[in-house]
Amino acid sequence: MTASVNTISTQSAEARNAGDVVLDVSDLSVAFPTEEGVVKAVSNLTYQARLGRTLAIVGESGSGKSVSSMAVLGLHNPKRTQITGSIKLDGIELVGAPASTFQKIRSTKAAMVFQDPQSSLHPFHKVGKQIAEAYQAHNKVSKQVAMKRAVEMLDLVGIPNPQRRANSYPHEFSGGMRQRAMIALGLVNNPKLLIADEPTTALDVTVQAQILDLVNDLQKEFGSAVILITHDLAVVAETADDILVMYAGRGVEKGSAKEVLAQPSHPYTYGLLQSLPSHSEDLEELRAIKGTPPSLLNLPSGCSFHPRCEFKSQVEGDACWTQLPAWRPTPGLHNREIRCHLADPVATLKHDEEAR
Amino acid sequence: MLTYILRRLALALSVILATLVSAFLLFFAGPSDPAQAMCPETRCNATRLAAITKSIGLDKPLTVQFFDYFKGLFFGRDFVYAGDTVHCGAPCLGFSFVTRRSVNEELFTRFPNTIVLALMAAVVFVTVGVTLGIIAAVRRGSATDRGLVGASQVLGSIPYYVLALLVALYPVILWNVLPQYSSISAGVGPYFMGMLAPALILGFVTSASYVRYTRNSMIETLSMDYIRTARSKGISERTVLYKHGFRAAMSPIATILGLDIAALLTGTLITEQIFGVDGIGRRGLAALKAFDLPVIMGTVLIGAVVVVFMNLVVDIAYSFIDPRVRLS
């Protein structure tokens, strides 16, 4: 298996330096005009993904995690989507780029592994052919060569007897194997960026860990950047280097994944972590964040989180509902940024935790 | 696969038999008297009526008639007609009460006309309906889409016989643009040319519903996750639409198509009647009017066989289209 890894990896002529920014998203907004009004799915989002690192994008359903990533691959219907800001993938500006640009970068520079491998593979086409198709789309090779490559990829992602399995249909695979095949499809053109959109949500728990390990291992071998979209903080703890917490289409906290999980500095991140069973004492009820995520049709004024925030009384004046907080370094923490009006969020949250 | 087909055939046979038995009993349960229908109105008397009844075998008890019919169907039977004994080999459908000709001959000479008409129409509605449906789906929400959907709704809401009559009247009879129906004995060319008008109108009107089926199926397919995956590979939109979308969108259409062709084969009644096509629909209608039991039973048998057979064809075809369907 190692041999095949080497042959695949060396096919990339460009040098890959860990830490290089491969995806630079800045001030990205994605909106869907509907009959009821404009759905602001993503508002002024800024983040970077770096080679050799895993960025976790975390948030509740509807926080804009998937929408922002799908914009990278141009998977929104351009007629029904308004996209502004900038998405630079390996130096190529993608906002407003023509369909031909997206066709070129898909699979070669950025690839995506979707949530439900059951519905994401074509039920009528053989697995090997589906992978070979992506390879052939970007390399002038014969069907046989593309198929050989597909078999290599299936071997690489740990599918036993890949030669035979390449000729199977997706329904003949188990859930975990389907997701392995999706990863093989994602990596077949050795992209610099792999976006995994809740890759383990549809899988059972024992398989989840295997898939995450696989993604981690392959990332080391390919040296690519990985964006892991998830709402599962346990997954983040295991796999991510960096984290971006999103709420209602905006980023609210970013930093190193381990540090953010150990010491959240935004009330929303804090609330998310408090709602996890492992963070609660025995016999104590879980603390859910009160209220529900806001409607993206009609975002709250000021900080979108203020209607649900327990700490807004500790901000002087009416800043929470009149002013959108800007990104700023968290006071007292290194390498951490938040969007929050609290003067000393670390102290405020620490005080709250001690009080219970 | 073989056991599957054998089991399906056994099932098919029982369905056909049940249909025949029901049709037979329905005929006797109804207020029908073929002898009365055949008896000349002015000169009809009791003796004459009895003689006619006896000559067509309706004087025998129901059970005997029933037994005779099914015996003829499987083993053939002998008929005594005007002193001569005529053997009618299996599957013997009997002799028409009215024309005194063999039902097998009556129907099997006409069935090809219905088949030709139905298949020509099917070619028209599949090509036109599916092509326009795909165009509408791909350009969903555009003026083209709205125009096609609107037109198919208008076409679908006008009674079919009105449209068929208009076509029969204007292009065929008054303007002479399209030739009239002529039997195959007048030559192959004129025969197919004559089928053109009825096949075109039947095909076009049926295509209206295929535009909508195809459009809906294609739109649904294009919203599937695997289409998004296909797009994310960096293949052309054309390949996404036709290699990934089209085949999946067509699988539900295959079912409807099989059943529609079966329905047409059992008698394109209105079309045959309006354009004078000598098919089994038209012959069946005439038999129904005259209480001509053997011919009615014959058309019922052909109908049942066609429907059951097309269902089997659809199921087998499905297993080729969709690998998830296993025949067992």
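The domain assignment of chain B distinguishes two parts, domain 1 (2–88) and domain 2 (106–321). The model described here is predicted. Taken over C-alpha atoms, the centres of domain 1 and domain 2 of chain B lie 34 Å apart. The contact between these domains involves 13 residues from domain 1 of chain B and twelve residues from domain 2 of chain B. On the domain 1 side, the elements that contribute two or more residues are helix H1 (2–29) and helix H2 (34–38) of chain B. The largest share of this side, nine residues, is provided by H1(B). Sorted by class, the side of domain 1 of chain B that touches domain 2 of chain B consists of nine nonpolar, two polar and two charged residues.

Within chain B, one residue was examined individually. B:Leu265 belongs to helix H10 (residues 237–265) of chain B. B:Leu265 counts as buried because 25 other C-beta atoms lie within 10 Å, and the cut-off for a buried residue is 20 or more. When neighbours within four places in sequence are left aside, the contacts of B:Leu265 are B:Thr114, B:Ile115, B:Ala118 and B:Val306. B:Ala121 stands 144 residues away from B:Leu265 along the chain, and the C-alpha atoms of the two residues are separated by 11 Å.

Chain A was considered next. This chain contains 14 helices and twelve strands. A compact globule of 356 residues would have a radius of gyration near 21 Å, and chain A, with 21 Å, therefore agrees with that expectation. The C-alpha trace of chain A spans about 70 × 50 × 40 Å along its principal axes. Of the 356 residues in chain A, 47% are buried. Among contacts in chain A with a separation of 6 or more, 64% are made by residues 24 or more positions apart.

An open sheet of four strands in chain A follows the order S2-S1-S4-S5, with antiparallel pairing. Strand S2 (37–50) and strand S5 (92–93) of chain A form the edges of this sheet, each pairing on one side only. In general, the strands of a sheet pair through backbone hydrogen bonds, in either a parallel or an antiparallel sense. Strand S4 (residues 82–89) of chain A and S5(A) are joined over two bridges in the antiparallel sense. At this pairing, A:Leu89 has A:Ile92 of S5(A) as its bridge partner.

A:Leu89 is also one of the residues in contact with A:Leu193. Leaving aside neighbours within four places in sequence, the other contacts of A:Leu193 are A:Val22, A:Leu23, A:Ala49, A:Lys109, A:Ala110, A:Ser224, A:Ala225 and A:Ile227. The largest nonpolar core has 99 residues, of which A:Ile131, A:Ala150, A:Ala184 and A:Leu193 touch the most other members. A second, separate core comprises 59 residues, including B:Ile134, B:Met195, B:Leu257 and B:Ile261. Nonpolar side chains tend to be buried together in soluble globular proteins.

The two chains also touch each other. Their contact draws 24 residues from chain A and 19 residues from chain B. On the side of chain A that touches chain B, two or more residues each come from helix H3 (99–105), strand S6 (110–113), helix H4 (117–120) and helix H5 (127–138) of chain A. H5(A) gives the most to this side, with four residues. By class, the residues on the side of chain A that touches chain B comprise twelve nonpolar, eight polar and four charged.

Technical notes
Residues are numbered from 1 along each chain as its sequence is written. Chains are lettered from A and ligands numbered from 1 in the order in which they are written. This is a predicted model: local features need pLDDT of at least 70, side-chain atom pairs count only at pLDDT 80 or more; totals for chains, interfaces and linings use all residues. The radius of gyration is taken over C-alpha atoms; the globule rule is 2.2 Å times the number of residues to the power 0.38. A residue is buried if 20 or more other C-beta atoms lie within 10 Å of its own, exposed if 12 or fewer, and partly exposed in between; C-beta atoms are placed from the backbone. Two residues are in contact if their C-beta atoms, placed from the backbone, lie within 7 Å. Ala, Val, Leu, Ile, Met, Phe, Trp, Tyr, Cys and Pro count as nonpolar, Asp, Glu, Lys and Arg as charged, and the others, Gly among them, as polar. Domain bounds come from an automatic or database domain assignment. A nonpolar core is a set of buried Ala, Val, Leu, Ile, Met, Phe, Trp, Tyr and Cys residues joined through C-beta atoms within 7 Å. Two strands pair if DSSP finds at least two bridges between them.
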